[in-house]
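Reader: Please take one part of this model and go through it closely. I would like the metal site and the strands around it described in one connected account.

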Amino acid sequence: MNTPKLLLTTLLIAVAGLIACQNNNNSLGDSKKNNPEFKVDSADVLSEKVLTAEQQAALTPDTILAILKTGNTDFVSDALTIRNTSSRIRKAALGQYPKAVILSCLDSRVPVEDVFHRGIGDLFVARVAGNIVNEDILGSLEYACKVSGSKLIVVLGHEHCGAIKSAIDNVKLGNITAMLSKIRPAITADTQFIGDKTSANKAYVHHICLENIELSIQNIREKSPILKEMEANGEIKIVGAFYEMETGKVEFL
Ligand SMILES: [Zn+2]
């Protein structure tokens, strides 16, 4: 190789290296630079690994809440990067130390892990129409927090919820009747809403959805002494959240 060609090749390699370096920085994204999860494991900042027991123990309920908020910002801005790779599957198979448990509605339009930009081993997700609470859900939440170390319970309702609309319409059908009866107290106890109290009124459906989230949180505190005590001790937080269908944004209540 003659000297001009050698110089040109060296220059091209240097430019390629510079571009690769910039891409690497950009792929981290501004929201992730401030994400507490990445400070926990700064040595391997890009891998977004499955948590170990020690890493889980180092997180606080507020840190986890911040991680979920950052994750939802990624989801809304179409910046999802977590991939459930085969190596992630193998690491998670050794044990699970999820950060949070999400009690979500059954709705197919609410992909819970994606909504918070989380992957395998990150979240417990309990799903039931209308994000209601019953004995089995309470047992699942207690398992997630008391046994498996999750520190945040999020009761996640959503816009245009069919279960809420059916409860407003007082639908009676098979086992759906008993399921909707757990939402009905959010409707019958409400005295605040002024206006058309039908499922055709979007504002009313929205209002009852928020009331129902509150009802579930109240039921968790009243019917689970274990979770109530953990919350009182600051070991866990219990929060409500509302998923906006059109934007994908989660509003924490
Ligand atoms: Zn729903």
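Author: A residue counts as buried when its relative accessible area is under 20%. The model is predicted. By that cut-off Cys161 is buried, because its relative accessible area is 2%. Cys105, with a relative accessible area of 4%, is buried as well.

These two cysteines belong to the zinc site. The zinc ion is coordinated by the SG atoms of Cys105 and Cys161 and by NE2 of His158, at 2.0 to 2.3 Å. Along the chain, the donors follow the spacing C-x52-H-x2-C. The cysteine pair links distant parts of the chain, 56 residues apart. Cys105 sits in the loop between β1 (100–104) and α7 (112–115), while Cys161 sits in the loop between β3 (152–158) and α9 (162–168). The structure holds zero disulfides. Another cysteine, Cys145, is buried, with a relative accessible area of 2%.

The histidine donor leads to β3. Seven of the seven residues of β3 are buried, and both faces of the strand are covered. Leu152, Val154, Leu156 and His158 lie on one side; Ile153, Val155 and Gly157 lie on the other. His158 is thus named twice here, as a zinc donor and as a buried residue of β3.

Next come the neighbours of β3. β1 runs parallel to β3 and is joined to it by five bridges; Ala100 stands opposite Leu152 in β3. Strand β4 (residues 237–243) also runs parallel to β3, with seven bridges between them. Gly157 has Phe242 in β4 as its bridge partner.

The wider sheet is open and has five strands in the order β2-β1-β3-β4-β5, with mixed pairing. Its edge strands are β2 (123–127) and β5 (250–252), each of which pairs on one side only. On average, neighbouring strands of this sheet are turned by 25° against each other, direction ignored. Between β1 and β2 there are five bridges in the parallel sense, and Val101 has Phe124 in β2 as its bridge partner.

Helices also lie against these strands. Helix α8 (residues 135–147) lies across β1, β2 and β3 and runs at about 160° to β1. Helix α12 (residues 202–223) packs on the sheet, where it touches β3 and β4; the direction of α12 makes about 160° with that of β4.

Conventions:
Residues numbered from 1 in each chain as written. Predicted model: local features only at pLDDT ≥ 70, side-chain atom pairs only at ≥ 80, totals over all residues. Heavy atoms only, no water. Donors = N, O, S within 2.8 Å, 3.2 Å for Na, K, Ca; no water. Helix = DSSP H or I, 4+ residues; strand = E, 2+ residues; numbered from the N terminus. Buried < 20%, exposed > 50% of the residue type's maximum accessible area, 1.4 Å probe, protein only. Disulfide = S-S within 2.5 Å. Pairing = 2+ DSSP bridges. Axes fitted to C-alpha atoms, helices over the stretch in contact; angles between N-to-C directions. Contact = heavy atoms within 4.5 Å.
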